[in-house]
Amino acid sequence: MMRVEFTVNGQQRSDDIEPRLLLVHYLRETCGLRAANVGCDTTSCGACTVLFNGSSVKSCTMLTVQAAGGEVTTAEGLAAPDGELHPVQRAFRQEHALQCGFCTPGMVMATVGLLAENPEPTEQQVREGLEGNLCRCTGYHNIVRAVLAAASEQASAAAGEQASAAAGEQASAAAGEQASVASAASAAGGRAGR
Ligand code: FES
Ligand code: FES
């Protein structure tokens, strides 16, 4: 047994584990996080995909000890603390990008990793980026639509944030100018009154 310490879905973990324990089994059996599924155990299907330090990895291919000191995120950890879904989760729901749902957590996590690397992928890049994730229900058409929808939502959210930051800067610059005009005017008023 050996002790590993790392963060899972924002929570610090410290567990004694067998050195041969695969990350997917650790997540499912030790942490009780069942979103990452085991579809093949041979790195073929992507059902076990999670994020490790922000990049998507197949957790059936990684030993738990390899995650030591890092940060693991599963589909359970994607939504905001108040329950608001991640944009990728919302897009999968809106575009009906799931049928039986077995591949879905892995597809979602692979999509989050893909958009972190390439925020504005083309349809071809989406298909290539997700080629390591298989859907046995063959619902690829809606999955690709969901990924493109999530990319576009994230891009407009980022543009909105930039615009409001710029507006905030302009407003505070204008307020600063007004304040300095007012103080100059009052200084001039003081001199005129002497
Ligand atoms: S279970 Fe990991 S790739 Fe299939
Ligand atoms: S939705 Fe059934 S395997 Fe993908």
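Contact here means heavy atoms within 4.5 Å. Keep that handy for the helix-packing exercise; the model you're looking at is predicted.

**Exercise 1. Work out which strands sit at the edges of the sheet, and why each has a free side.**

Step 1. Start with the inventory: the protein chain has five helices and five strands. Reading from the N terminus, they come as β-β-α-β-β-β-α-α-α-α.

Step 2. Now go from chain order to sheet order. The sheet is open, its pairing is mixed, and its five strands line up as β2-β1-β5-β3-β4.

Step 3. Look at the ends of that order. β2 (11-17) and β4 (55-58) are the edge strands, and each has a single partner strand, so one side of each is left without a neighbour in the sheet. Going from one strand to the next, the twist averages 40°.

**Exercise 2. Pick out the pairing of β3 with β5 and give its direction.**

Step 1. Some background: strands of a sheet pair through backbone hydrogen bonds, either parallel or antiparallel.

Step 2. Find strand β3 at residues 49-52 and strand β5 at residues 71-73; two bridges join them, and they run antiparallel.

Step 3. For a landmark, take Leu51, which stands opposite Thr73 in β5.

**Exercise 3. Describe how helices α1 and α3 lie across the sheet strands.**

Step 1. Take helix α1 (residues 23-30). It lies across β1 (2-8), β2, β3 and β5, and runs at about 105° to β2.

Step 2. Move on to helix α3 (residues 104-117). This helix lies across β3, β4 and β5, at about 35° to β3.

Step 3. Put the two lists side by side: β3 and β5 turn up for α1, and they turn up again for α3.

**Exercise 4. Find two residues with a positive phi and say where they lie.**

Step 1. What to expect: most residues other than glycine have a negative phi.

Step 2. Check Asn53, whose phi is near 50°. Asn53 lies in the loop between β3 and β4.

Step 3. Check Thr138, whose phi is near 55°. Thr138 belongs to the loop between α4 (123-129) and α5.

Step 4. Is Thr138 buried or exposed? The cut-off for exposed is over 50% relative accessible area; Thr138 has 58%, so it counts as exposed.

**Exercise 5. Characterise the largest pocket.**

Step 1. Its volume is about 180 Å³.

Step 2. The lining takes in 21 residues, with Cys103, Leu134, Cys135, Arg136 and Cys137 nearest the centre.

Step 3. Which helix gives the most to the lining? That's α5 (residues 140-192), with four residues.

Conventions. Residues are numbered from 1 along each chain as its sequence is written. Chains are lettered from A and ligands numbered from 1 in the order in which they are written. This is a predicted model: local features need pLDDT of at least 70, side-chain atom pairs count only at pLDDT 80 or more; totals for chains, interfaces and linings use all residues. Side-chain values use heavy atoms; hydrogens and water are left out. Two strands pair if DSSP finds at least two bridges between them. Axes are lines fitted to C-alpha atoms, for helices over the stretch in contact, and angles run from 0 to 180 degrees between N-to-C directions. On a 1 Å grid over the protein atoms alone, a cavity is a set of points where a 1.4 Å probe fits but cannot get out, and a pocket is an open set with protein on both sides within 12 Å along at least five of seven lines; lining residues have an atom within 4 Å of a point. Grid points are joined across faces, edges and corners, and a volume is the space filled by probe spheres set on the points. Buried means under 20% relative accessible area, exposed over 50%, partly exposed in between (1.4 Å probe, protein chains only).
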